[in-house]
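Subject: Structure handover and notes

Hi there,

Here is the structure I promised you, with my notes underneath. Have a look at it first, then read on at your leisure.

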Amino acid sequence: MTTSDRPLNPAEALDLSGKKGLVVGISNEHSLAWAAAQHFDAAGADLALTYFNDKARTYVEPLAMRVAAPIFLPCDVTQEGSLEAVFATIEKTWGRLDFLLHSIAWAPAEDLHGRLTDSSSAGFAQSMLVSCHSFIRMAKLAEPLMANGGSLTTLSFLGAEKVVDHYNVMGPVKAALESSVRYLAHELGPKAIRVNAISAGAIRTRAASGIEHFDELIDETVAKAPLRRTVTPDEVGRAALLLASDYTTGTTGEVLHVDAGFHVAGMIFH
């Protein structure tokens, strides 16, 4: 049978109809997690969304309403029992979880803006707790809810792999996060639970506003990335949808770069 003789198949589309997903880390409409949530919703998934505190709720609640999220709860991973309460509600409401997106990172300003050499032990530990170990905790809580397999995705950045000026303490923290992705993929793979990360390019978000000289990073990306531009939140959101879907059931332990190719650039001359 030649290619022209093959019967035409219906157009394929990423479909999450009937899937239950958790998105942690939306702070406002510019968040990468919100871009992903919109794609999850458009693909037919039911979503549980969280907000950090009452101040953040003002910005996140209208977004939760836009995707008709049946579960909308506070979640502060530094508060004992907060994360567990989210998963308890998911278990009571849905009885299962098919995918989750972890998009939270934090470091004390003095450690983020200072040299890694000068970082405090308390600041380093807190950064690791919020930005990395919270993902490990989510994996543990999600495991019993993913009896039929599932997908865990977190967000990273190039500073995990290479030195990015002014990223400071977050570099080693994100490196630990990416290493955790590989170990979790190994441990949870036998249960058909996939674990991946998206290494997003420089995008103007609330989180990025804490990085000094961020405008210079944007300029470097435009000058050196193979696509000669930065990426959009929508592009990161589509990648998150792909990893949550059945189109990537054979992909785990991966760090997917969505950065216009900036991670391949070395010494570039103009």
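To get going: in which strand does Thr-50 lie? Thr-50 belongs to strand β2. Please keep in mind throughout that this is a predicted model.

**Around Thr-50**

Thr-50 is buried, since its relative accessible area is 3%. Leaving aside residues up to four places away in sequence, Thr-50 touches Leu-22, Val-23, Val-24, Gly-25, Ile-26, Val-60, Leu-73, Cys-75 and Val-86. Two of these names, Leu-22 and Cys-75, come back further down.

**The sheet**

How are the strands ordered in the sheet? Seven strands make up an open sheet, running β3-β2-β1-β4-β5-β6-β7, with parallel pairing. The edges are taken by β3 and β7, which have a single partner strand each, so one side of each has no neighbour in the sheet. From one strand to the next, the twist averages 20°.

Helix α3 (residues 82-93) packs on this sheet and touches β1 (20-24), β2, β3 and β4. The direction of α3 makes about 165° with that of β3.

Here is how some of the strands pair up:

- β1 and β4 are joined in the parallel sense over four bridges, and Leu-22 stands opposite Leu-100 in β4.
- β4 and β5 also pair in the parallel sense, over four bridges, with Phe-99 opposite Ser-151 in β5.
- β5 and β6 pair in the parallel sense over seven bridges, and here Ser-151 stands opposite Arg-194 in β6.

Ser-151 therefore turns up twice if you follow the strands across: it faces Phe-99 on the β4 side and Arg-194 on the β6 side.**β4 and its side chains**

Which residues of β4 point one way, and which the other? Phe-99 and Leu-101 point to one side of β4, while Leu-100 and His-102 point to the other, and all of them are buried.

**Helix α8**

Helix α8 covers residues 233-244, and its length is easy to check. Twelve residues at 1.5 Å each should span 16 Å, and the C-alpha atoms at the two ends are 17 Å apart, which agrees. The buried residues of α8 are Glu-235, Val-236, Gly-237, Ala-239, Ala-240, Leu-241, Leu-243 and Ala-244. What covers them includes α1 (32-42), β4 (99-102), β5, β6 and β7 (255-258).

**Aromatic pairs**

How many aromatic pairs does the structure hold? There are three. In one of them, the ring centres of Tyr-51 and Phe-72 are 4.8 Å apart and the planes meet at 35°, so this pair is tilted. Tyr-51 sits in strand β2 (residues 46-51) and Phe-72 in strand β3 (residues 71-74), so the pair ties together parts that are 21 residues apart in sequence. Both Tyr-51 and Phe-72 are buried.

**Cysteines**

You may wonder about disulfides, and the count comes to zero. Why is there no bond from Cys-75? The closest cysteine sulfur to that of Cys-75 is in Cys-132, and at 16 Å it is too far for a bond. Seen from the other end, the sulfur of Cys-132 has its closest cysteine sulfur in Cys-75, again at 16 Å and too far. Are these two residues buried or exposed? Cys-75 is buried, with a relative accessible area of 7%, and Cys-132 counts as buried at 5% relative accessibility.

**Backbone angles worth a look**

Two residues other than glycine have a positive phi, and you may like to see where they lie.

- His-166 has a phi of about 75°. His-166 is in the loop between β5 (150-156) and α6 (170-188), and at 23% relative accessibility it counts as partly exposed.
- Ala-192 has a phi near 65°. Ala-192 is in the loop between α6 and β6 (193-200), and its relative accessibility of 47% makes it partly exposed.

That is everything from my side for now. Happy browsing!

Best wishes

Notes:
Residues numbered from 1 in each chain as written. Predicted model: local features only at pLDDT ≥ 70, side-chain atom pairs only at ≥ 80, totals over all residues. Heavy atoms only, no water. Disulfide = S-S within 2.5 Å. Buried < 20%, exposed > 50% of the residue type's maximum accessible area, 1.4 Å probe, protein only. Phe/Tyr/Trp six-rings, centres within 6.5 Å; stacked < 30°, edge-to-face > 60°. Expected span 1.5 Å × (residues − 1). Contact = heavy atoms within 4.5 Å. Pairing = 2+ DSSP bridges. Axes fitted to C-alpha atoms, helices over the stretch in contact; angles between N-to-C directions.
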